[in-house]
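Welcome! Here are a few short exercises to work through with the structure beside you.

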Amino acid sequence: MGDVSKAVSKAGEKLHSVRATDDQAAIFEGVFSWRSAWCMMLWVLCFICSVVMMVLAYQGAAFELISEEFSWIRDRNPLYGPAEQPNDAKLRDINQMFRYHLPQVALWYSLAAASLGLFTVFYFTNSMLLEDRGSKRAVDICSLFSHGVAVYMERTIPVICVFLFFGGWYVYATAGAGTFACFIVGSVLNLVSTRVGVSMTVEGTSRLTHSMGNDLAECIQIGIRTGAIGGLLATSLALGGMAGMWILIRDTSSLSGFGSGASIVSFYLRIGGGIFSKGAEIGGDLVGEMDEHRKDEERRIFELQQMITELEERRKARVAQGIDEQEEEEMMDQLRMMEEEMQDVSSMLHPIDYLDGVGTNICDASGTCADLFESMVLILSTSAIIGAKGSNVPHFYSGLPFWIVASGNIGCSLVTYYVHVQERYTSRQLRWSLRFNLILVIVGVQLVQIAVSYIEWFRGSITFTTFWHFLLISTMGQLAPEVCIMSSEYFTSVDYWPVQSLAQKANLGVVQVVLQGLAQGFMSTGIPAVTMIAVVMLTWTLENHFGLALLSASSVSGTGFQGSIASYGAVAANAHKIVHLTTYHSMTRHRANICSVVGENTAHSGSMVSAVNAFSATFNMALTLLAQTYTRRGLNYQSVSGPPLSQWSQAGLVLGAVMTMVFTANTTQSCLQTSKAFMRFCKESPEVSRRKGVSFPNSHIRPLKILTSYGTITSMRFVLSPMINTLVCPMLGGFFLGINGLLFLVSGANVLVLCLSILLINSGQAWVCARRYILYGSLRDSEGTVMGPDSPHYQNLGVGTMIGGPWKELAGPALNNFVKFLGIFALVTSKLYDPTPEATWHLGFVSLAGSIFLIIASRFGLSLALNFITTFLKQRQLQRASDEDSDEEDDDDEVGSRSVATVGWA
């Protein structure tokens with residue numbers, strides 16, 4: 001996999017083809033990746049082997065795979081055997097071991113689906129790398145993004161491995177070798193998918209930029225396929241890893257370790273990347289030099305856009321009247337001069353301004369894909385546990401979620417090959433075209449689910465009532481995330497009235513901007529919250545515990561495509577910036593605007609899907625925790641009613657709300673402190689300024705690497721506090737309130753996080769999109785005059801953007817990781833807690849004191865490290881200046897000696 005990025009970077013050093021006489025119009029060609037081709041053949045073989053094993057398992061000719069687990073229910077022995085049960089038991093009993101056959105057909109089908117997804121990933125990788133990279137200036141800007149992302153990931157992955165070491169040690173000590181093995185595999189696969197996905201997103205940016213000069217359909221195909229590399233890679237590795245580990249381990253309880261490892265990786269990448277990205281963006285705004293260059297960039301982009309619009313209108317009028325083209329040529333000359341000025345702006349920007357593009361890739365590509373990977377493995381693992389231990393037909397119930405998710409992965413792999421697009425499509429039409437592809441996935445999944453459930457009904461293992469209940473629940477699970485996305489897009493997209501109204505009324509002042517943005521955020525929370533609560537209530541009424549597992553599995557069946565279009569948002573955002581810095585061509589810029597608007601919507605949809613999936617996954621984990629707790633006591637968890645409703649459960653609800661608010665404040669404050677640290681570092685460290693006298697992009701590469709390294713360490717320092725906050729939360733609930741209080745802590749936090757996350761994401765998105773609505777020249781006053789960056793509307797919305805940026809890319813999405821992290825570690829540490837806290841409350845104080853000590857130690861320790869780095873850079877700067885002065889003195893002496901010798905010879 002690493003060969004892909006290396007091959008492309010090497011190819012970038014050589015210009016293969018020049019397609020224009022002007023040197024600045026040189027086009028860098030792509031490269032063929034042999035490693036991707038070999039990987040494609042490997043996954044074809046894996047697909048064939050998986051299909052063969054699936055057929056053999058269906059015919060009963062495969063290996064016999066039997067699992068032995070603790071039962072949650074009292075029922076007959078499993079319908080499909082085996083006949084031999086532990087202690088020759090005639091019936092299953094609560095908290096007693098039983099045996100059942102693994103759903104081999106479903107698991108081999110899942111491995112085949114994962115193989116198809118991975119084949120698609122490497123096919124898209126090779127086809128994307130073969131595309132032309134574009135002009136020299138576009139390639140230069142992309143190289144800055146590439147250097148920044150590489151430095152960030154190289155510094156971040158070792159830190160994540162440290163956390164994984166301690167997390168793995170704890171999992172091994174408390175849960176055993178099987179869970180530890182799943183922990184390692186889950187964390188490694190999540191890291192691999194993230195690293196490869198973000199690298200290919202960067203590589204695809206220059207290709208998408210170049211394709212915008214050709215055709216809108218080509219832009220969308222390249223963009224979606226580039227995003228699919230990260231999106232499908234995450235879901236395919238998650239699905240294949242879960243199925244493979246279950247076949248090897250044969251214990252559903254151990255599968256929870258898979259989610260634990262993935263949660264640590266996802267938590268750090270999402271929160272650390274968000275702190276890094278938004279801290280750099282706000283820090284750049286706080287420095288006067290960067291702010292002036294950015295305003296100049298925005299003003300020139302707007303002016304060029306207006307001149308292009310005027311040229312197009314005048315051209316059409318002259319064509320209609322038959323007037324000559326001399327005046328048009330004069331205007332074209334002006335546009336070319338402006339383009340040269342724009343290219344000068346790109347080289348004059350401070351290196352910190354390019355960290356925004358680096359952060360976009362880290363947040364929207366690596367963060368979102370790691371988040372979706374985590375949600376999928378958590379839902380699959382808890383669904384397998386619920387289906388195996390809590391149902392009377394474990395062979396079918398534990399396998400049905402895998403049938404649904406695997407079918408979704410196949411559908412997502414197929415629909416990413418083609419998106420119906422026409423040149424005249426608007427951003428709204430494009431968004432509906434993408435939504436149509438998702439509908440095809442939903443239909444395909446339902447056909448498979450109906451076929452599998454029908455076979456079981458035909459065999460008599462389930463009733464017809466259960467059959468149509470499953471059909472209804474799985475359909476609701478697939479539609480619910482898209483309903484939430486559509487309602488949120490109405491309040492956050494430039495295509496709809498709420499954002500346009502926010503932009504129009506922004507001239508009334510900052511108070512108007514802030515209050516209207518918050519009001520739209522509150523309103524946008526209503527439909528998603530009501531939808532999810534109604535769906536959960538109906539599902540519980542129909543099929544109780546397993547119904548919720550089936551609902552959550554259905555909600556992640558389209559994750560592969562949703563993650564693909566979310567990653568596309570990062571590619572489109574950076575390509576849009578490059579286009580406006582490198583070309584004056586009207587249609588190219590128009591396509592860039594269209595792709596950018598669609599990318600904003602799809603990146604936002606990725607955040608919304610993460611919120612919905614987090615809600616479903618945490619609900620599953622809370623119910624699994626409930627079942628395990630009461631099963632250990634020999635009680636039927638399905639008949640529990642009164643005992644959990646006590647003073648401890650009420651206190652748990654309050655503590656869940658408090659810890660959620662503390663976490664939100666923690667992440668927001670961390671972002672603010674990081675931005676201040678960036679500002680001080682930029683002002684005090686001359687080495688982070690562009691290097692004068694050096695051509696672009698070499699003038700920016702070294703300073704950008706220094707800034708990225710500094711930002712990585714700074715974000716590492718501030719991400720520890722939210723992580724410790726999250727880790728101690730289940731301990732405080734379990735030790736202070738007992739297991740009953742912990743259950744309500746997780747449940748209360750889950751509902752609050754769903755609403756608060758949507759509020760923060762949508763409010764921030766509304767402010768950002770309203771400002772871009774003005775930048776694109778779409779806002780006009782009552783007289784028809786276009787309002788631009790110099791208008792009070794744009795300036796006032798800047799305050800909303802400063803507030804909303806950290807909300808929509810850090811605080812809001814981070815809440816989803818918080819509640820999943822809370823849920824999975826509550827599940828893993830459940831053995832530590834008693835039903836009531838009389839014997840454990842003192843351990844709560846120990847946990848609280850320990851967390852406070854760790855937070856203080858981490859902040860002061862890393863502060864010392866940052867101070868050491870800053871001092872080292874200053875000393876190296878002084879040493880370099882001293883060496884340059886010495887060299888100059890030596891040169892002067894040598895010149896003087898030569899002059900004396902010349903005079904003497906004369």
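**Exercise 1: a serine in its surroundings**

Is Ser 552 buried or exposed in this predicted model? Work out the class, then place the residue and list its neighbours.

Step 1. The relative accessibility of Ser 552 is 1%. Buried means under 20%, so Ser 552 counts as buried.

Step 2. Ser 552 sits in helix H16, which covers residues 510-555.

Step 3. Look for a polar partner: the Ser 552 side chain comes to 2.8 Å from the backbone oxygen of Ala 549.

Step 4. Leaving out residues up to four places away in sequence, Ser 552 touches Ile 379, Ser 383, Ser 616 and Asn 620.

**Exercise 2: a tryptophan**

Find the helix that holds Trp 807 and decide on which side of the burial cut-off the residue falls.

Step 1. The helix is H21, residues 792-828.

Step 2. Trp 807 has 19% relative accessibility, and because buried means under 20%, this residue counts as buried.

Step 3. Beyond four places in sequence, the residues that Trp 807 touches include Leu 518, Leu 760, Trp 767 and Pro 813.

Step 4. Now compare positions along the chain and in space: Thr 664 is 143 residues apart from Trp 807, while their C-alpha atoms are separated by 9.4 Å.

**Exercise 3: checking a helix length**

What span should helix H4 have at 1.5 Å a residue, and how far apart are its end C-alpha atoms?

Step 1. Helix H4 has 40 residues, 136-175, so the expected span is 58 Å.

Step 2. The end C-alpha atoms of H4 are 54 Å apart, which agrees with that expectation.

Step 3. Look just past H4: Gly 176 has a positive phi of about 100°.

Key. Residues are numbered from 1 along each chain as its sequence is written. This is a predicted model: local features need pLDDT of at least 70, side-chain atom pairs count only at pLDDT 80 or more; totals for chains, interfaces and linings use all residues. Side-chain values use heavy atoms; hydrogens and water are left out. Helices (H or I, at least four residues) and strands (E, at least two) are DSSP runs, numbered from the N terminus. Buried means under 20% relative accessible area, exposed over 50%, partly exposed in between (1.4 Å probe, protein chains only). A polar contact is a pair of N or O atoms within 3.5 Å; within protein, one must be able to donate a hydrogen and the other to accept it, and residues adjacent in sequence count only if both atoms are side-chain atoms. Contact means heavy atoms within 4.5 Å. The expected span of a helix is 1.5 Å times one less than its number of residues.
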